[in-house]
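Q: Could you take me on a close look at the place where the ligand sits, and at the empty space in this protein?

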Amino acid sequence: MRATRALIHLDHLKENIALVTEKTGRAICMPLKAGAYGHGALELAGAALAAGVTYLAVATVGEGTELRQGGIEAPVLLLSIPLPEEIKELAASDMEPLAGDGEYIDALDHEAARTGKRIRVHLKIDTGMGRIGCSPAMAPALASRITKSKNLMLAGTATHLAVSDSLAPKDRAFTNRQLEVFSAAVEAIKALGVDPGLVHAANTGAVTFYSGAWFDMVRPGILLYGYAPKDKTGKAAVPVKPLMELVSSLVFIKPVARGTTVSYGRIWKARTGTVIGTIPIGYADGLPRGLGNTWRILAGGVLRPLAGRICMDQCMVDLGRDSGLRRWDRVTIFGGKAPHAGVMASLLGTIPYEITCNINKRVPRIYIDKN
Ligand SMILES: *Cc1c(COP(=O)(O)O)cnc(C)c1O
């Protein structure tokens, strides 16, 4: 196996799930979209279900089918809208779509009638995310439309929050407004004598900051992967542990003289004699190229700066003159005892989701469970 690997700490996942369970006291739906945010959907599904998660969620029908083919029997929410021609597979894979329009609901009804197997639908209400879902005013009519069909069942009612991870006053006001509108829509559904099913709204931000958003089930993604929103003091608001630790090895080491340049563009130059190590990871593995000359990796217990541009498959690190490091020694790119993917994300003006999702299939995942 190649030196570059993503270690996935399943013991941290279990601890993070326990934290969310303790904090909310609610059922947990774990989003496993995009290969579990880059961690590996099937492996995480198994570990999450064993740790008490009851619902899973994916973005594409293919992701749902992958879970079923892997033997996962738990309910699987489909968070995004598929093409009409994918509905057959959606039903065959026994997925629970989020739907918020008559056309989609009719198509689901039609497929369920054809196969004689009920489809469990979650009504998605758009309360301010502006992505998918019905207007709050339409919710009662669509809920009863679903309930009246003998082919469909209203398994849940949901919304999604746009700024729940922010403590800025205008964002707090917006989130509170979204929750009021959602609660009112759920009440209007109940007033028609319709059971809204499982009511759910809380993503990571809402699990962290809005107990009024927890309803029957919570859907935290990035929090379970180990990255929490920041509290007022700038610290992680929930003590979760990152799952992903990206490691590699020094595969080549050489001393260089003062004035030597390293890598494309020659943007790095040795200010004094030093030792350069080469690591077999590059932007084609998902290591952001923008980190060249900037990011520091952990080698021999010390953070050491990357030297020069990150190449497609390799990058270089300035080890200093007397590090004692040897060829084949292990280094940590992020996570573990090194700064985690959230720190890397901040440096790049992005979010940890993008960092872990982009670590691609070329990097083998190694699952570790110390419990
Ligand atoms: C991705 C997603 C979540 C989880 O979001 P996080 O920010 O990772 O907690 C919850 N609900 C829906 C609809 C999503 O698409």
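A: Happy to: what follows starts at the ligand, moves out to the pocket around it, and ends at an enclosed cavity. Please keep in mind that this is a predicted model.

Let's begin with the ligand itself. There are 13 residues around it, and Lys33, Tyr37, Thr204, Gly221 and Tyr353 come nearest. By class, this shell is made up of six nonpolar, four polar and three charged residues.

Some of these neighbours make polar contacts with the ligand. Tyr37 places a polar side-chain atom 2.6 Å from a ligand oxygen atom. Gly221 uses its backbone instead: a polar backbone atom of Gly221 is 2.8 Å from an oxygen atom of the ligand. On a nitrogen atom of the ligand, the partner is Arg219, with a polar side-chain atom 2.9 Å away. As for cover, the ligand on its own has 390 Å² of accessible area, and the protein covers 92% of that.

Now step back to the surroundings. The ligand sits in the largest pocket, whose volume is about 1,000 Å³. The lining of this pocket counts 44 residues, and those nearest its centre are Asp165, Thr204, Ile222, Ile351 and Tyr353. Thr204 and Tyr353 may ring a bell, since both are also among the residues that come nearest to the ligand.

Which helices help to build the lining of the largest pocket? At least two residues each come from α2 (33-38), α9 (204-209), α10 (341-348) and α11 (352-358). Of the elements, α10 gives the most, with four residues. Sorted by class, the pocket lining has 24 nonpolar, 13 polar and seven charged residues.

Finally, the enclosed space. Rolling a probe the size of a water molecule over the atoms shows where empty space is left. With a threshold of 30 Å³ or more, the count is one cavity. The largest cavity holds about 60 Å³ of space. Its lining consists of Leu90, Ala91, Asp94, Met95, Glu111, Ala112, Thr115, Lys117, Arg118, Ile119 and Arg120. Two helices and a strand, namely α5 (87-92), α6 (102-115) and β6 (119-124), each supply at least two residues of that lining. The top contributor there is α6, with three residues. By class, the cavity lining divides into five nonpolar, one polar and five charged residues.

To put the two spaces side by side: the ligand sits in the largest pocket, where α10 gives the most to the lining, whereas in the largest cavity that part falls to α6.

Definitions and conventions:
Residues are numbered from 1 along each chain as its sequence is written. This is a predicted model: local features need pLDDT of at least 70, side-chain atom pairs count only at pLDDT 80 or more; totals for chains, interfaces and linings use all residues. Side-chain values use heavy atoms; hydrogens and water are left out. A residue is near a molecule or strand if one of its heavy atoms lies within 4 Å of it. A polar contact is a pair of N or O atoms within 3.5 Å; within protein, one must be able to donate a hydrogen and the other to accept it, and residues adjacent in sequence count only if both atoms are side-chain atoms. Accessible areas come from the Shrake-Rupley method with a 1.4 Å probe; for residues, only the protein chains shown count as cover. On a 1 Å grid over the protein atoms alone, a cavity is a set of points where a 1.4 Å probe fits but cannot get out, and a pocket is an open set with protein on both sides within 12 Å along at least five of seven lines; lining residues have an atom within 4 Å of a point. A molecule sits in a cavity or pocket if more than half of its atoms lie within 2 Å of its grid points. Ala, Val, Leu, Ile, Met, Phe, Trp, Tyr, Cys and Pro count as nonpolar, Asp, Glu, Lys and Arg as charged, and the others, Gly among them, as polar. Grid points are joined across faces, edges and corners, and a volume is the space filled by probe spheres set on the points.
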